[in-house]
Amino acid sequence: MSGPLFPRWTNTVSRLSAAALLAVPAIGIGGLMAYVRSPYVTNQQMPVEQPIEFDHRHHAGDEQIDCRYCHWTVEKAPSAGIPSTTVCMSCHAQVWNKSPYLTEVRKAFFSDQPIPWVRVHNLPDFVYFNHSIHVNKGVGCATCHGRIDQMGAVEQHAPLTMAWCLDCHRNPEPNLRPAEFITSMTWSPPADKAEAAALGKKLKEEYDVHSRTSCSTCHR
């Protein structure tokens, strides 16, 4: 009599082949999901070269200049606003008015041309975001932008993914702060979890904040 049609070791091969057929797609999908959430795609902590070396550590940190001095539309418009050269020169007409670092600022001011800043936080065109509603409802600048006062050149702090936004929209209380600390870079909720939860609940009621998870909230 002849031997078996398939040797015994082919059983192992078939098992490994079946496992690979299941594992490879799972690993591929998992790897793709990890990739699209990585800084390579979200642009987190990626350096952005600007036309002028503007150091937020000095302005927002050392000098304690309030965010709203330069980004003056943040409380009343969808955009936070890009400071005009007039805002820059309101200080630098007197301070460092001959510094070579400010040559391009002076050129833009006297030629009445905007400084071509490069956008750092850039949401897709199909996403609607309104700065004013977030600021007026108790979401601080540092919540989304991080510690700007510690950045020489501004980098994207948060992933700005749909999942990241929805986490806050589903449960906004941990991200709310008193209005007087909206632009503070150093404010933090109480260390005691019960106190922090109570403060979040109080602010949610005070600001009349509701969970927003419908598609039309961000996609209009």
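The following numbered points comment on a predicted model, taking annotated regions, surface, aromatic pairs, cysteines and salt bridges in turn.

1. Annotated membrane span. An unreviewed UniProt entry assigns the annotation "transmembrane region" to residues 16-36. In the model this span is 100% helix and 0% strand, and its end C-alpha atoms are 30 Å apart. Helix α1 is placed at residues 9-36.

2. Annotated domain. The feature "domain: Class III cytochrome C" is placed by UniProt, again in an unreviewed entry, at residues 43-111. Here the helix content is 39% and the strand content 0%, with the end C-alpha atoms 33 Å apart. As the name of the feature comes from the record, this note takes it as an annotation.

3. Nonpolar surface patch. Residues L32, Y35, V36, Y40 and V41 make a nonpolar patch of about 530 Å² on the surface. Both α1 (9-36) and α2 (39-42) contribute at least two residues each, and α1 has the largest share, with three. V41, which belongs to helix α2, has a relative accessibility of 36% and therefore counts as partly exposed.

4. Aromatic pairs. Across the whole structure, four aromatic pairs are found. One of them joins F54 and W117 in an edge-to-face arrangement, with 6.5 Å from centre to centre and 80° between the planes. F54 sits in the loop between α2 and α3 (56-62), and W117 in the loop between α6 (103-110) and α7 (131-136), so this pair ties together parts 63 residues apart in sequence. Both partners are partly exposed: F54 has a relative accessible area of 29%, and W117 has a relative accessibility of 25%. The pair of F109 and F110 is also edge-to-face, because the planes of the rings stand at 75°, with the centres 5.1 Å apart. Of these two residues, F109 is partly exposed at 30%, whereas F110 counts as exposed at 65%.

5. Cysteines. The count of disulfides is zero. For C67, the closest cysteine sulfur is that of C141, at 4.1 Å, which is too far for a bond; the cut-off applied is 2.5 Å. C67 is partly exposed, with a relative accessible area of 21%. C88 is likewise in no disulfide, and the nearest cysteine sulfur, in C70, is 6.7 Å away. With a relative accessibility of 17%, C88 counts as buried, since the limit for that class is under 20%.

6. Salt bridges. Seven salt bridges are counted. Among them is the bridge between D55 and R57, whose closest N and O atoms are 3.0 Å apart. D55 is partly exposed at 24% relative accessibility, and R57 is partly exposed with a relative accessible area of 42%. Another bridge links D149 and R147, with 2.8 Å between the closest N and O atoms. In this bridge the acidic residue D149 is buried, at 13%, while R147 is partly exposed, at 30%.

7. Salt-bridge network. Which residues are linked in a network of salt bridges? They are D66, R68 and E75. Within this group, the side chains of R68 and D66 meet at 2.9 Å, N to O. R68 has a relative accessibility of 29% and counts as partly exposed; D66, with a relative accessible area of 30%, is also partly exposed.

Technical notes: Residues are numbered from 1 along each chain as its sequence is written. This is a predicted model: local features need pLDDT of at least 70, side-chain atom pairs count only at pLDDT 80 or more; totals for chains, interfaces and linings use all residues. Side-chain values use heavy atoms; hydrogens and water are left out. UniProt positions are given in the numbering used here, feature names are shortened, and annotations may be inferred rather than shown by experiment. Helices (H or I, at least four residues) and strands (E, at least two) are DSSP runs, numbered from the N terminus. Patches are made of residues with over 30% relative accessible area and no salt bridge: like charges are joined within 9 Å, nonpolar side chains (Val, Leu, Ile, Met, Phe, Trp, Tyr) within 5 Å. Accessible areas come from the Shrake-Rupley method with a 1.4 Å probe; for residues, only the protein chains shown count as cover. A salt bridge is a side-chain nitrogen of Lys or Arg within 4 Å of a carboxyl oxygen of Asp or Glu. Buried means under 20% relative accessible area, exposed over 50%, partly exposed in between (1.4 Å probe, protein chains only). Rings of Phe, Tyr and Trp (its six-membered ring) pair if their centres lie within 6.5 Å; planes under 30 degrees apart count as stacked, over 60 as edge-to-face and the rest as tilted.
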